[in-house]
Amino acid sequence: MPVYWKPLSVLSRIRDNSDRGGEFKHPEALECGIDNVLRTSIYYCDPMASWQKPHCEKNHEYIRKICPQTTTTFDRLTQKDVNLMMSHINSANRESLGGLTPFTLAKLMLPKKLMKHFGLKEIPSDEIILTPALLKGKIEI
């Protein structure tokens with residue numbers, strides 16, 4: 001499988017280190033919106049090199065807790081749903097971050113406007129939902 005290297009020229013584009021699963025066979029379909037505008041870049045990790053992307057693997061684990069692979073469709077999710085899911089995920093404490101949350105670090109390193117631009121909000125720790133109940137009725141096949 002070819003490696004796609006594309007420069008990130010705009011701050012709002014997201015970088016995704018993907019595995020070589022079947023869902024990534026046609027990167028151009030994932031990289032462009034319905035208007036054919038490039039919105040993200042996909043980079044493939046080397047085979048058997050999971051160490052190249054350990055932090056996004058934790059996000060994938062959380063996404064699969066909320067959207068189990070055997071019972072989930074993403075077709076009904078809106079951008080607002082995805083923002084809600086990622087707000088909950090990024091509000092969870094991470095052992096790899098010394099018990100901090102990705103939001104805590106983002107607030108230290110990134111401008112507030114950027115978080116607002118992406119539609120992400122910090123969720124209080126006692127309100128975090130990392131189960132299918134978060135998107136009830138939106139993800140069932």
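pLDDT is the predictor's confidence in each residue, on a scale from 0 to 100.

**Entry 1. Confidence.** I noted at the outset that this is a predicted model. I looked up the mean pLDDT of the protein and found 75; 72% of its residues reach 70 or more. I then turned to residues 1-17, where the pLDDT is below 50. In the model, this stretch nevertheless has 43 contacts beyond near neighbours in sequence. I recorded a caution here: where pLDDT is low, the predicted coordinates should not be read in detail.

**Entry 2. Secondary structure.** I looked up the elements and found 5 helices and 2 strands. Following the sequence, I read their order as β-α-β-α-α-α-α.

**Entry 3. Contacts and burial.** I considered the contacts between residues at least 6 apart in sequence; 66% of these join residues at least 24 apart. Of the 141 residues in the protein, I found 33% to be buried.

**Entry 4. Surface.** I looked up the area that the protein exposes, which is about 9,700 Å². Carbon and sulfur atoms supply 60% of that area.

**Entry 5. A nonpolar patch.** I asked which residues form a nonpolar patch on the surface. They are Leu108, Met109 and Leu110, and together they have about 360 Å² of accessible area. I located Leu110 in the loop that lies between α4 (102-109) and α5 (112-117).

**Entry 6. Leu110.** I asked why Leu110 counts as partly exposed. Its relative accessible area is 38%, and it is therefore partly exposed, because this class lies between buried, under 20%, and exposed, over 50%.

Methods: Residues numbered from 1 in each chain as written. Predicted model: local features only at pLDDT ≥ 70, side-chain atom pairs only at ≥ 80, totals over all residues. Heavy atoms only, no water. Patch = residues over 30% accessible without salt bridge, like charges linked within 9 Å, V, L, I, M, F, W, Y side chains within 5 Å. Areas by Shrake-Rupley, 256 points an atom, 1.4 Å probe, with all protein chains shown as cover. Salt bridge = Lys/Arg side-chain N within 4 Å of Asp/Glu carboxyl O. Helix = DSSP H or I, 4+ residues; strand = E, 2+ residues; numbered from the N terminus. Buried < 20%, exposed > 50% of the residue type's maximum accessible area, 1.4 Å probe, protein only. Contact = heavy atoms within 4.5 Å.
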